[in-house]
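Q: Please take a close look at one part of this model, the sheet. I would like a connected account of how the strands are arranged and which side-chain pairs and packing go with them.

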Amino acid sequence: GGATQTLIDPSVAIGSDITLTEHLVLTPPLGAVGLHCWAFIRQPPGAGTYTVTHTGVKWPKGTVPVMSTGSGAVDLYQYLWDSVVGAWCGVCLPDFS
């Protein structure tokens, strides 16, 4: 089980800060030329480790990044809409904790 969340519409704000309280399915908003957004994804301090499943995102070399799992770990995910491919392209900068 787990929650489902759509990232905030980049025309409203470009960033999200998500502290996990359960496993999460994360979906980017509808894409359009020039859109980009980001999300800090945080593991809770001193609690269990949760996972995020990203839907509708293409990753470099087709490999979904491995999330940081330590207590209080913070990863930064960035998403850019590629209008040629017609998809969100994502990268992860891990372990800002």
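A: What follows goes from strand order to the charged pair, the cysteines and the nonpolar core.

The model is a predicted one. Its open sheet has 5 strands in the order β2-β4-β7-β8-β6, and the pairing is mixed. At the edges lie β2, covering 15-19, and β6, covering 57-58; each of these pairs on one side only.

Within the sheet, strand β7 (residues 74-82) and strand β8 (residues 87-93) run antiparallel and are joined by 7 bridges. Along this pairing, D82 stands opposite A87 in β8.

Next, the charged side chains. The structure holds 1 salt bridge. Its partners are D17 and R42, with the closest N and O atoms 2.6 Å apart. This pair links distant parts of the chain, since D17 sits in strand β2 and R42 in strand β4 (residues 36-42), 25 residues apart. The edge strand β2 thus carries the acidic partner, D17. As for the setting of the basic partner, R42 is partly exposed, with a relative accessible area of 27%. In general, side chains of opposite charge can pair when their charged atoms come close.

The cysteines give another outcome. The count of disulfides is 0. A disulfide would need the two sulfur atoms within 2.5 Å. The sulfur of C37 has its closest cysteine sulfur in C89, and because that distance is 12 Å, it is too far for a bond. Seen from C89, the closest cysteine sulfur is that of C37, again at 12 Å and too far for a bond. The surroundings of the two residues can be stated separately: C37 is buried, with a relative accessible area of 2%, whereas C89 is partly exposed, at 28%.

Last comes the packing. The largest nonpolar core has 18 residues, and L26, I41 and Y79 are those with the most contacts inside it. At least two residues of this core come from each of β3 (24-27), β4, β7 and β8. Three of these, β4, β7 and β8, are also members of the open sheet.

L26 can be followed in detail. Leaving aside residues up to four places away in sequence, L26 touches Q5, L7, I18, I41, V52, T53, H54, T55 and Y79. Among the residues in that list are I41 and Y79, which together with L26 have the most contacts inside the core.

In short, the strand order is β2-β4-β7-β8-β6, D17 and R42 form a salt bridge, and the disulfide count is 0.

Note on methods: Residues numbered from 1 in each chain as written. Predicted model: local features only at pLDDT ≥ 70, side-chain atom pairs only at ≥ 80, totals over all residues. Heavy atoms only, no water. Pairing = 2+ DSSP bridges. Helix = DSSP H or I, 4+ residues; strand = E, 2+ residues; numbered from the N terminus. Salt bridge = Lys/Arg side-chain N within 4 Å of Asp/Glu carboxyl O. Buried < 20%, exposed > 50% of the residue type's maximum accessible area, 1.4 Å probe, protein only. Core = buried A, V, L, I, M, F, W, Y, C linked by side-chain atoms within 4.5 Å. Contact = heavy atoms within 4.5 Å.
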